[in-house]
Amino acid sequence: PSVTYYRFTWKNTHERVLDLPAFASSYGMSDPFEDYAEAFALYVLQGTTFRAWVNEHPAVSSKYSFIEDIFHQRRFNAIKAYAARPYDVTMMEVDYQILLND
């Protein structure tokens with residue numbers, strides 16, 4: 001299954017297919033494994049943001065659907081949706097009380 005995910009934006013472990021709007025963060029663009037880790041963290045910690053970005057790029061939509069299937073369509077919320085891609089999604093503000101109540 002991971003190969004399916006990587007093909008959304010990677011030709012191989014060194015060459016990206018698409019640009020920043022297809023990734024959760026700049027850091028995620030550095031390596032296919034970081035791409036997945038950043039998207040997974042975004043799904044859990046900033047689900048509202050990830051859902052807002054789904055319509056911005058077909059690869060983001062594919063990544064979201066892939067991870068949503070892992071969670072059996074369980075969705076997580078956040079206090080707000082961020083418009084810009086961060087360097088690292090773990091640096092985004094998280095309201096853990098909202099997260100724990102989801």
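## Q73 and H72: two positive phi angles

Q73 is partly exposed, with a relative accessible area of 44%. That value falls between the 20% limit for buried and the 50% limit for exposed, so Q73 takes the middle label. The model is a predicted one. Q73 belongs to the loop between α4 and α5. Its phi is near 70°, a positive value in a residue other than glycine.

H72 sits in the loop between α4 and α5. Its phi is positive too, at about 55°, although H72 is not a glycine. H72 is exposed, because its relative accessible area of 67% is over 50%.

## R7 in another loop

R7 is found in the loop between α1 and α2. Is R7 buried or exposed? R7 counts as exposed, at 62% relative accessibility. The cut-off for that label is over 50%, so R7 qualifies.

R7 can also be placed against G47. The two residues are 40 residues apart along the chain. Their C-alpha atoms are separated by 22 Å.

## S25, a buried loop residue

S25 is placed in the loop between α1 (2-6) and α2. This loop residue is buried, with a relative accessible area of 0%. The label follows because buried means under 20%.

What lies 2.9 Å from a polar atom of the side chain of S25? The backbone nitrogen of G28 does. S25 also has contacts beyond its neighbours within four places in sequence. These are L20, E38, P86, Y87, D88 and V89.

## A39 in helix α2

A39 lies in helix α2. It counts as buried, at 1% relative accessibility. A39 and S25 are 14 residues apart in sequence. In space they are 8.2 Å apart, C-alpha to C-alpha.

Which residues does A39 touch, not counting residues up to four places away in sequence? They are Y5, A24, F50 and I67. Of these, A24 and F50 also appear in the lining of the largest cavity, as does A39 itself.

## The cavity

How many cavities of 30 Å³ or more does the structure hold? It holds 1. A probe makes such spaces visible: when one the size of a water molecule is rolled over the atoms, it shows where empty space is left. The largest cavity has a volume of about 30 Å³.

The lining consists of A22, F23, A24, A39, L42, F50, W53, V60 and K63. Three helices each supply at least two residues of this lining: α2 (32-45), α3 (47-53) and α4 (58-70). By type, the lining residues divide into 8 nonpolar, no polar and 1 charged. The charged one is K63, because Lys counts as charged.

## Aromatic pairs

How many aromatic pairs does a search of the whole structure find? It finds 16. One of them joins Y36 and F40, with ring centres 5.9 Å apart and planes at 40°, so the pair is tilted. Y36 and F40 are 4 residues apart in helix α2, which means about one helical turn separates them. Y36 counts as partly exposed, at 23% relative accessibility. F40 counts as partly exposed as well, at 30%.

Another pair is Y43 and F76. Their ring centres are 6.0 Å apart and their planes meet at 80°, so this pair is edge-to-face. The pair links distant parts of the chain, 33 residues apart. Y43 lies in helix α2, and F76 lies in the loop between α4 and α5 (96-101). Y43 is buried, with a relative accessible area of 1%. F76 is buried too, with a relative accessible area of 6%.

## One aromatic cluster

Which residues form one aromatic cluster? They are Y5, Y6, F8, F33, Y36, F40, Y43, F50, Y64, F66, F71 and F76. Both pairs described above fall within this cluster: Y36 with F40, and Y43 with F76.

Some cluster members return from earlier sections. F50 is in the cluster, and F50 also helps line the largest cavity. Y5 is in the cluster, and Y5 is among the residues that A39 touches.

Key. Residues numbered from 1 in each chain as written. Heavy atoms only, no water. 1 Å grid on protein atoms, 1.4 Å probe; cavity = no way out; pocket = protein on both sides within 12 Å on 5 of 7 lines; lining within 4 Å. Points joined across faces, edges and corners; volume = space filled by probe spheres on them. Buried < 20%, exposed > 50% of the residue type's maximum accessible area, 1.4 Å probe, protein only. Polar contact = N/O pair within 3.5 Å; in protein donor to acceptor, adjacent residues only side chain to side chain. Contact = heavy atoms within 4.5 Å. Phe/Tyr/Trp six-rings, centres within 6.5 Å; stacked < 30°, edge-to-face > 60°.
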